[in-house]
Number of protein chains: 2
Amino acid sequence: MDKPAYHHGDLKSALITAAMAAVEQAGPDAVSLRDLAQSLGVSRAAPYRHFADRDALLAAVAAKGFEELIAVYENALSGPGDGRERLRRGLVDYLEFARRRPGLHALMFESDFLRRNPPPRVMIGPADRAYALLWEAVEGAFPGADPVWVRARTVTMLSTVIGYRVLDNVGRFKPHMVEPLTPADLLDAVLEAAIGEAPARSD
Amino acid sequence: MDKPAYHHGDLKSALITAAMAAVEQAGPDAVSLRDLAQSLGVSRAAPYRHFADRDALLAAVAAKGFEELIAVYENALSGPGDGRERLRRGLVDYLEFARRRPGLHALMFESDFLRRNPPPRVMIGPADRAYALLWEAVEGAFPGADPVWVRARTVTMLSTVIGYRVLDNVGRFKPHMVEPLTPADLLDAVLEAAIGEAPARSD
DNA sequence: GCTCCGATGTTGTCGGCGCTCACATTGTCT
DNA sequence: AGACAATGTGAGCGCCGACAACATCGGAGC
C-alpha cells in the first residue's frame, strides 16, 4: 500500500488545496510551486501539467475562495427574517469570512496578481455569482426601489465592507484612532454605514 | 564630465524614486533590486548599503506615497468652502490620487508586504498623519458632533472610499453591474455614502 | 598635507524560484 | 497487442534576494 505511485491521482485538486492553505497562512506571495510540489511528494515540474503557470494556480485558488463566499452568502441570505435582516446577516458573515482568512481575502480582492493579467476566466464566474447574490439581497432589502438606485447602493455597500476589511486586515486602525469604540461597535458602525437608509421617495 | 563616479551621490533617494516609478508602472511585486541597481548604473549589492532588504525599500516608497497623500489632503482641505465642502473635496482628490496610481495605492493599503512584517516604522508616521488629517476634516464637517461618533464615521468613511478604489482598481465593477451609471455617477454615489448625514440629535 | 577610518560601492557566491525541454511511465481506447 | 494521450521526472536556464570579502572614496583630526 501507498507505494510511491507514479501518478498522484488527483494532483490538480491537491495543489489547489495545498496552495489555499499556503495563501491563508502566509499570503499569496508566499506560494511557491516548488514548495507545494515537494510537500505533495511530486517533482518540481509536475504542477505545470495542470496549471500553465503560478498565476493560473492562484486563480484557481481565488475561484475556490469565491465558491466558499457564495456558500457563506447563500447560507446567510436564505435564513429567516425580512429582506433587510437577511442582507445584514450576509454582510456580517462576509465580514467574518474576510476577517478570519486575510490571506485568501487578499488574493480574491487585493492581490497584485489581479493587476498582472486580465481577470482569469476561472474566477470571474464565481466572483460574478457572488456579486449577483449581494445584488439580489439589496433588491430584497429595499423592495420597490429604483433599480438604478439599487445598483449604486450595491456598489457603495460592497465598497464599505470590503474597504473596512482591507484596512483592518493590514492593521491600519490603531487603538488611539478608535477608542473607546470596541470591535463590535465598529462592526455596527460599518453595517449601518453600508446598509444605509431606504431611498428618498420622489413622489 | 560624467565619468563613472565611484560614489553615486544620492543613491538612496534615487532608489526610492526609481522604485516608486516601478511600483506605479507594474505593481509592488515587480520591483527588483537588481533591476533598479542596473538602471541606476550601480552594482547589484549597492542598494543594501541603504536598505536592509527589499521590504525596507518598499516601506520607504510607501512612506513617500503617504507624504504625497498628505499634500493632496492639505491642498484640498485648506481651500474655500464650509467644512463639509472641504471634506468632500478631500475625498474626491484622494479618489483621484488612488485611481491614477493603482500600483502605489496597492503598496500603501493592500500589499502583501504589509502583512509580511509589523508595520514598518518609516511609513507609520506619514500614514498616521494622513489619517489624522481626514479625522480633523470629519470633525470640521460635523461641528459639535459627538467625538466618538466622529471616530466611527471617520472609519466608515475611509472604508467606503478605499474599498471603492480597491474594487475598481482590480476591475471588479463590470459594465453590466452598474449600467446605466457613469463613472461620475458612481463617484457621486460613493461620496454620498461615505460622507452621509449628520448624527441624529439626541436632545 | 597626511593619515586614518567610516561610508559607500564592487565582485563573487549561495540558495531559491518560475519555467521549459527531452524523456519516462501509466492508463485507456481500439 | 499496439498506439496514444495524460501525467510525472530530471536536468538546466535565467532571474532574484541576500551575504561576505574586498576596493575605493571623502572627510575628521593631526
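**Loops, helices and the two-chain interface**

B:Pro180 sits in the loop that runs between α9 and α10 of chain B. In this predicted model, the peptide bond leading into that proline, from B:Glu179 to B:Pro180, is cis, with omega near 5 degrees. Chain A has its own cis bond here: A:Glu179 and A:Pro180 are joined by a cis peptide with omega at about 0 degrees. A:Pro180, for its part, falls in the loop between α9 (175–178) and α10 (183–195) of chain A.

Stepping back to the whole chain, chain A comes out with 10 helices and 0 strands, and reading along the sequence gives simply α-α-α-α-α-α-α-α-α-α. Its C-alpha trace covers about 70 × 40 × 35 Å along the principal axes. Of the 203 residues in chain A, 37% are buried. Much of the contact map links distant parts of the sequence: taking contacts in chain A between residues at least 6 apart, 73% join residues at least 24 apart.

How do the two copies sit relative to each other? Chain B lands on chain A after a rotation of 180 degrees with 0.0 Å of shift along the axis, at an RMSD of 0.1 Å. The copies are therefore related as by a two-fold rotation axis. Where they meet, 38 residues of chain B are in contact with 38 residues of chain A. On the chain B side, at least two residues each come from α5 (102–110), α6 (112–116), α8 (147–169), α9 (175–178) and α10 (183–195). The biggest giver is α8(B), which puts 13 residues into the side of chain B that touches chain A. By residue type, that side of chain B splits into 25 nonpolar, 7 polar and 6 charged. The copies use the same surface to meet, because 100% of the interface residues of chain B are also interface residues in chain A.

Next, the nonpolar core. In soluble globular proteins, nonpolar side chains tend to be buried together. Here the largest nonpolar core holds 106 residues, and the members touching the most others are A:Val61 and B:Val61. Setting aside neighbours within four places in sequence, A:Val61 is in contact with A:Ile16, A:Ala19, A:Met20, A:Val23 and A:Leu107.

Two of those partners, A:Met20 and A:Val23, also turn up in the packing of α1(A) against α5(A), as does A:Leu107 from the α5(A) side. The axes of helix α1 (residues 11–26) and helix α5 (residues 102–110) of chain A come within 6 Å and cross at roughly 105 degrees. An angle from 65 to 115 degrees counts as roughly perpendicular, so α1(A) and α5(A) are roughly perpendicular to each other. On the α1(A) side the contact is made by A:Met20, A:Val23, A:Glu24, A:Gln25 and A:Ala26, while α5(A) brings in A:Gly103, A:Leu104 and A:Leu107. These contact residues divide into 5 nonpolar, 2 polar and 1 charged.

Finally, a look at one charged residue in chain B. B:Glu68 is found in helix α3 (residues 54–77) of that chain. Is B:Glu68 buried or exposed? Neither label quite fits: 20 or more neighbours would make a residue buried and 12 or fewer exposed, so B:Glu68, with 17 C-beta neighbours inside 10 Å, counts as partly exposed. B:Arg129 is 61 residues away from B:Glu68 in sequence, yet the two C-alpha atoms are 11 Å apart in space.

Notes. Residues numbered from 1 in each chain as written. Chains lettered and ligands numbered in written order. Predicted model: local features only at pLDDT ≥ 70, side-chain atom pairs only at ≥ 80, totals over all residues. Helix = DSSP H or I, 4+ residues; strand = E, 2+ residues; numbered from the N terminus. Least-squares fit on C-alpha atoms with pLDDT ≥ 70 in both. Contact = placed C-beta atoms within 7 Å. Nonpolar A, V, L, I, M, F, W, Y, C, P; charged D, E, K, R; others polar. Core = buried A, V, L, I, M, F, W, Y, C linked by C-beta atoms within 7 Å. Axes fitted to C-alpha atoms, helices over the stretch in contact; angles between N-to-C directions. Parallel < 35°, antiparallel > 145°, perpendicular 65-115°, else oblique.
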